[in-house]
Structure formats: C-alpha cells, structure tokens
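Work through the two exercises below with the model open. Each task is followed by a solution in steps.

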Amino acid sequence: MVNDHRRRWGFLTNHAYVLLAIAHDPCMRLRDIAACCHIAERTVQSIVADLERAGYLSRERRGRRTRYTLRLDGRLHHPAEAHLSVRELLDVFAPRQHGGEEDESARTDSPQRRDH
C-alpha cells in the first residue's frame with residue numbers, strides 16, 4: 001500500500017463548519033448549509049440537533065423557514081478549548097464585517113439582544 005501524503009484533512013470539524021455557516025446566515029436552509037459545508041443534508045440535521053442539545057443554538061420556525069440564534073457565551077466542550085467561548089471561535093473564523101458590527105439577530109448572549 002502506498003502512503004498518500006496528499007490525502008485531504010482539515011483542522012475544523014463538521015460541527016464547526018455548520019456553526020460558522022449559521023453564523024454567516026441564520027436563516028440558511030439545511031440543504032444550503034450542507035452544500036456550503038460539503039456534507040450530506042442528513043448529517044447537517046444531526047449536527048444542528050447536537051448543537052441545539054449542547055446549548056450552542058436555538059431554532060425558531062418563521063413560516064416555512066427556520067431562524068437560528070447562536071448562544072455566544074457557550075463554552076467549547078473539548079478540555080483543550082474549554083476556556084474559549086463560541087464568540088471567540090466566531091471572532092477568529094468568521095470575523096464581523098462593517099467595522100465590528102454583528103448581526104444581533106444571529107448571535108446573542110442575552111435576552112435583550114435577541115430578535116423577537
């Protein structure tokens with residue numbers, strides 16, 4: 001067997017990619033998240049459920065669409081990253097645009113900032 005050094009791998013998990021896609025567009029459909037992350041739609045469904053159970057996001061139905069709200073103060077689960085919040089992860093991998101402004105309807109850590 002030949003050792004293929006060109007084998008693809010990445011630093012982030014599919015969970016991180018889904019979280020970043022939702023941070024980019026909190027109204028993105030599951031099929032669009034799947035296409036963006038290059039994974040199956042059923043995998044995205046499972047990951048969104050994982051993220052919701054873990055308290056990283058919540059979902060709200062708006063007509064036929066779902067809107068996601070991220071919980072920015074949630075701590076990452078892995079012991080090596082437990083000192084980091086979701087906000088810090090997003091600040092590194094999905095920096096805010098327009099001079100530091102953020103989409104408050106997508107990212108929240110307090111009820112007063114939540115989109116109603």
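The model is predicted. As a starting point, C37 has a relative accessibility of 10% and therefore counts as buried, the cut-off for buried being under 20%.

**Exercise 1. Determine whether C36 and C37 are bonded through their sulfurs, and state the exposure of C36.**

Step 1. A disulfide is a covalent bond between the sulfur atoms of two cysteines. The criterion applied here is a pair of cysteine sulfur atoms within 2.5 Å.

Step 2. For C37, the closest cysteine sulfur is in C36, at 4.8 Å, which is too far for a bond.

Step 3. Searching the whole structure gives zero disulfides. C36 is accordingly in none, and its nearest cysteine sulfur is that of C37.

Step 4. The relative accessible area of C36 is 47%, so C36 is partly exposed, whereas C37 is buried.

**Exercise 2. Describe how helix α1 packs against helix α2.**

Step 1. Two packed helices are described by the angle between their axes and the distance between the axes.

Step 2. Helix α1 covers residues 14-24 and helix α2 residues 30-37; their axes come within 10 Å and cross at roughly 120°.

Step 3. Roughly perpendicular covers 65 to 115 degrees and roughly antiparallel begins over 145; α1 is therefore oblique to α2.

Step 4. The crossing of α1 past α2 is right-handed.

Step 5. On α1 the contact is made by Y17, V18, A21 and I22, and on α2 by I33, C36 and C37. Sorted by class, this contact has seven nonpolar residues, no polar and no charged ones.

Terms used
Residues numbered from 1 in each chain as written. Predicted model: local features only at pLDDT ≥ 70, side-chain atom pairs only at ≥ 80, totals over all residues. Heavy atoms only, no water. Axes fitted to C-alpha atoms, helices over the stretch in contact; angles between N-to-C directions. Helix = DSSP H or I, 4+ residues; strand = E, 2+ residues; numbered from the N terminus. Parallel < 35°, antiparallel > 145°, perpendicular 65-115°, else oblique. Left-handed = near helix turned anticlockwise from the far one by under 90°. Contact = heavy atoms within 4.5 Å. Nonpolar A, V, L, I, M, F, W, Y, C, P; charged D, E, K, R; others polar. Buried < 20%, exposed > 50% of the residue type's maximum accessible area, 1.4 Å probe, protein only.
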